[in-house]
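Dear colleague,

Please find below the structure that I am handing over to you. My notes on its architecture, its helix packing and its ligand shell follow.

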Amino acid sequence: MLSAEEQAHIAQVWDLIAGHEAPFGAELLLRLFTVYPSTKLYFQHLGAFPDEVQLLSHGQRMLQAVGVAVQHLDDLRAVLRPLADLHAHVLRVDPANFPLLIQCFQVVLASHLQGEFTVEMQAAWDKFLTGVAIVLTEHQR
Ligand code: ZNH
């Protein structure tokens, strides 16, 4: 459960991303694939070196889903259900990958917001993204 302050931090940061899902998502994926190359295993259909168009397109889809989650903080499980089924049963993404993505997500936020990315914002985003990851991986048993 997120407090009112945490929800406000999430909304405040999301306002900066909204409308720019594709470039933020592409940067996130580029960091993920570069810093944690094992994550590329799940994206082999994109080839050894995914190009900018592929990064933008998948990054946009991923961040749009995050945006939907931001609008439904009280209802993550219901709103992410189809994505949870996809990641668990179709894509079979190892849950160990989610903390790697969360790590990269926070670096993307920090590099854009710099000093404006307060410790409270980071804490709120870590909690929120961990909540999303729990929902996306909980069918995997
Ligand atoms: Zn994921 C897909 C989201 C994580 C891998 N994804 C996807 C999509 C989305 C997402 C929205 C699309 C769907 C459709 O199309 O229907 N993810 C997401 C989110 C997250 C994630 C929100 C967290 C936060 N993923 C992830 C991880 C991984 C992944 C961690 C690994 C590493 N995904 C993936 C894949 C796919 C996806 C592989 C498929 C792709 C294609 O199709 O191309």
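Helices in these notes are DSSP runs of H or I with at least four residues, strands are runs of E with at least two, and both are numbered from the N terminus. On that basis, the elements of the protein follow the order α-α-α-α-α-α from the N terminus on. The secondary structure thus amounts to 6 helices and 0 strands. Please note that this is a predicted model.

Overall dimensions

The protein has a radius of gyration of 15 Å, close to the 14 Å given by the globule rule for 141 residues, so it is as compact as a globular protein of that length. The C-alpha trace spans about 40 × 35 × 25 Å along its principal axes.

Packing against α3

Two of the helix pairs involve α3, which covers residues 52-71. The first partner to discuss is α2 (residues 21-35), which packs on α3 at an angle of about 110°, the axes being 6 Å apart. The two helices are therefore roughly perpendicular. On the α2 side, the contact is formed by Glu21, Ala22, Phe24, Gly25, Ala26, Leu28, Leu29 and Leu30. On the α3 side, Glu52, Leu55, Leu56, His58, Gly59, Gln60, Met62, Leu63, Gln64 and Gly67 take part. By class, this contact comprises 10 nonpolar, 6 polar and 2 charged residues.

The other partner is α1 (residues 4-17), whose axis lies 11 Å from that of α3, at an angle of about 145°. The crossing of this pair is left-handed. Ile10, Ala11, Trp14 and Ile17 of α1 make the contact with Leu63, Gly67 and Val70 of α3. Here the residues divide into 6 nonpolar and 1 polar, with no charged residues. Leu63 and Gly67 of α3 also appear in the contact with α2.

The α5-α6 pair

Helix α5 (residues 97-113) and helix α6 (residues 119-137) have axes that come within 10 Å of each other and cross at roughly 150°. Angles over 145 degrees count as roughly antiparallel, and α5 and α6 are therefore roughly antiparallel to each other. Their crossing is right-handed. From α5, the residues involved are Phe98, Ile102, Phe105, Gln106 and Leu109. They meet Gln122, Trp125, Asp126, Leu129, Thr130, Ala133, Leu136 and Thr137 of α6. The contact holds 8 nonpolar, 4 polar and 1 charged residues.

The ligand shell

Which residues lie closest to the ligand? They are Thr39, Tyr42, Met62, Ala65 and Asn97, out of 20 residues that surround the ligand. The helices α3, α4 (76-90), α5 and α6 each contribute at least two residues to this shell. The most come from α3, which supplies 5 residues. In terms of class, the shell consists of 15 nonpolar, 4 polar and 1 charged residues. Met62, one of the closest residues to the ligand, is also among the α3 residues in contact with α2.

With kind regards

Notes:
Residues numbered from 1 in each chain as written. Predicted model: local features only at pLDDT ≥ 70, side-chain atom pairs only at ≥ 80, totals over all residues. Axes fitted to C-alpha atoms, helices over the stretch in contact; angles between N-to-C directions. Parallel < 35°, antiparallel > 145°, perpendicular 65-115°, else oblique. Left-handed = near helix turned anticlockwise from the far one by under 90°. Contact = placed C-beta atoms within 7 Å. Nonpolar A, V, L, I, M, F, W, Y, C, P; charged D, E, K, R; others polar. Near = placed C-beta within 6 Å. Rg over C-alpha atoms; globule rule 2.2 N^0.38 Å.
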